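Subject: Structure handover, with notes on cavities and cores

Hi,

Here is the structure I promised to pass on. Have a look at it first, and my notes follow underneath.

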Amino acid sequence: MENDAPDATVEEIDWQNVEIDDALISILPLDSLKKYRFVPFSMADNHIKVAVVDDTDVNTQNAIRFFTHKNKKKALIYPIREDDFRVLIGKIRNQNAEIGKMIDAFESSLDDEETSRSKSGYRKSKERINVLKDAPVAKMVEVIIKNAIDGRASDIHIEPMDEHVRVRYRVDGILYNSLTLPKKIGPAIVSRIKILSNLKIDEKRKPQDGRFRIKDLGHSIDFRVSSFPTSYGEKIVMRILDTSAGLVNLDQLGIEGRDKEILERVIEEPHGIILVTGPTGSGKSTTLYSVLRILNRERVNIVTLEDPVEYVLEGTNQSQVRPDIDYTFATGLRSILRQDPDVIMVGEIRDEITAELAIHAALTGHLVLSTLHTNSAIGAISRLVDMGIQPFLLSSSLKLLMAQRLVRRICPECKEEIKDLNKDAKKTIMSEIKKLPQNSLKESGITDVNDPNQIRAYHGKGCARCQNKGTKGRVGIYETVEITDEIGRMIGDGKRESEIEAKAREDGYTTMKQNGIMKIIKGVTTIEEVQRVTEDDDGKEAVNFDED
């Protein structure tokens, strides 16, 4: 090749698992990639990595040269076998082109339907359902779901707007726009999803809930579906639950150090209540499932009440509540107590009756796990008191309170230290570090709390692995309060939250924000992420964490 020809490299690549940068392959037509047999798959700094079947072919060389010059980059050539090349081509999905073809096909089917109506005067509902089951509507829904799975989305939002239908994916807790579809396609997509979920397609006035399951590359994936009437039509939200993905352990969740030691010790106690608190989507259920996996032994009878059952845990007795037939957490909990349980998991404590039954179960020799919607761990105490629970009952039954939030992980492939960290950021981090107990300081690796040069923070600069986001996956930040005898007495005496927190700090308690600060220093997450989920709602101005 000429002097400006691409550089060859012998670095080994696992082509089966390589992730292709969508921003690169969207520039070139799929037909051109097949013709010249090369695939650009990653971009870093001033280079584009290109997989090439035959780098001696002059036409291929010219095509690569044109592509890289157009993007003002230099190519790094990676030789690839024909069969691996086919794997890469199979991964490439020109989403907009696919959707465009399906929209055209759908509009043609609408024209055919109108012609049929004009001739027959009506269209049978059964025929209408068959249309929704066939392409292109079914194919369109399949593409939307497939792209969500490939993009590691946790939720799919299909939202009718004034002039179009918007499709958004939630990835690592953040919603991203994905597609914009013509408005007239929305009702057909909603009806198709309703058919899959066994919902009533003619009921559009009130919300409905359902679920369905698909197989993707051998994995069973459940979809929890919710339809909701809005002023522009029905909105659909699908929660993606990969039932075959396997549950993660406490370390993978981000529970470590003192918090992990306390949790592992308390769950081995024969009775009491363990509460995990936080808003919707903060990972509470995942934490409880990880605890149940630890407790799931032959000699232990575990019974759960959930809404819905999100992950199947073999060896446990999982039951889904059905409020429509008066099978609620409260009524189910009464029946559970006659099932000779050792461990009871209640999906959520929502009212006084459920709280009273949970406390009764704990006081009569059962270990009870549940969740509660509060902002902090200690806030669960006042929440239960507000429900009508007597403080002396809480002091006798509560064993552990844990609050959590989810923050995005820094992508390990493109993580780098932030140079010249903003002074305000250092000041904020140091103020929290100074409040850490000695054992937590050791975990963070800080030896001098007054030395700002020991403060380290990281971010992801963006790469093909993380789709140039700089983050990939999520991890929890936690605060854990063990209900010791002294704290139990304070709860029974009706002490204020601030007094209970002061005592917990003496015992080594750290807040979620402090736990997040420790994960910042370790390079797990970013300053902005911790601030995003722990920022006080007291009107304080947010600190600007940008570099100077």
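Before the numbers, one term: a cavity here is a set of grid points where a 1.4 Å probe fits but cannot get out, and its volume is the space filled by probe spheres set on those points. Please keep in mind that this is a predicted model.

First, the overall picture. The protein has 548 residues, 47% of them buried, and its secondary structure comes to 21 helices and 19 strands. Of the contacts with a separation of 6 or more, 65% are between residues 24 or more positions apart.

Now the cavities. How many of 30 Å³ or more turn up in a search of the whole structure? The search gives two.

The largest cavity has a volume of about 70 Å³. Its lining consists of E256, G257, R258, D259, S440, E443, G508, T510, N515 and M518. Helix 10 (257-266), helix 17 (438-444) and helix 20 (512-521) are the elements that supply two or more residues each, and helix 10 gives the most, with three. By class, that lining has five polar and four charged residues, plus one nonpolar.

R258 is worth a click while you are there. This arginine sits in helix 10 and belongs to the lining of the largest cavity. Is R258 buried or exposed? R258 has a relative accessible area of 14%, so it falls under the 20% cut-off and counts as buried. Leaving out residues up to four places away in sequence, R258 touches N439, E443, T480, D507, G508 and Y509. E443 and G508 also help to line the largest cavity.

The second largest cavity holds about 30 Å³ of space. Around it are I273, L275, I349, A355, I359, L384, L394 and L398, with strand 11 (272-277) and helix 13 (352-363) as the elements giving two or more residues. What classes make up this lining? Eight nonpolar residues, with no polar and no charged ones.

Some of those names come back in the largest nonpolar core. That core has 44 residues, and L275, L384, L398, L401 and V481 have the most contacts inside it. Helix 13 contributes the largest share, six residues. L384 is a good place to zoom in: not counting residues up to four places away in sequence, L384 touches L275, I349, A355, L372, I389, L394 and L398. There is also a second, separate core of 27 residues, including V141, A153, V165 and F212.

Two more spots to look at. V407 is in strand 16 (residues 398-410). With a relative accessible area of 0%, V407 is under the 20% cut-off and therefore buried. Its C-alpha is 7.0 Å from that of T525, although the two residues are 118 apart along the chain. Beyond residues up to four places away in sequence, V407 touches G473, R474, V475, I477, T525, E529, V530, R532 and V533.

Last, helix 11 (residues 284-295). Its twelve residues reach 17 Å from first C-alpha to last, close to the 16 Å expected at 1.5 Å a residue. The buried residues of helix 11 are K284, T287, L288, Y289, S290, V291, L292 and L295.

Over to you!

Cheers

Methods:
Residues are numbered from 1 along each chain as its sequence is written. This is a predicted model: local features need pLDDT of at least 70, side-chain atom pairs count only at pLDDT 80 or more; totals for chains, interfaces and linings use all residues. Side-chain values use heavy atoms; hydrogens and water are left out. On a 1 Å grid over the protein atoms alone, a cavity is a set of points where a 1.4 Å probe fits but cannot get out, and a pocket is an open set with protein on both sides within 12 Å along at least five of seven lines; lining residues have an atom within 4 Å of a point. Helices (H or I, at least four residues) and strands (E, at least two) are DSSP runs, numbered from the N terminus. Ala, Val, Leu, Ile, Met, Phe, Trp, Tyr, Cys and Pro count as nonpolar, Asp, Glu, Lys and Arg as charged, and the others, Gly among them, as polar. The expected span of a helix is 1.5 Å times one less than its number of residues. Buried means under 20% relative accessible area, exposed over 50%, partly exposed in between (1.4 Å probe, protein chains only). A nonpolar core is a set of buried Ala, Val, Leu, Ile, Met, Phe, Trp, Tyr and Cys residues joined through side-chain atoms within 4.5 Å. Contact means heavy atoms within 4.5 Å.
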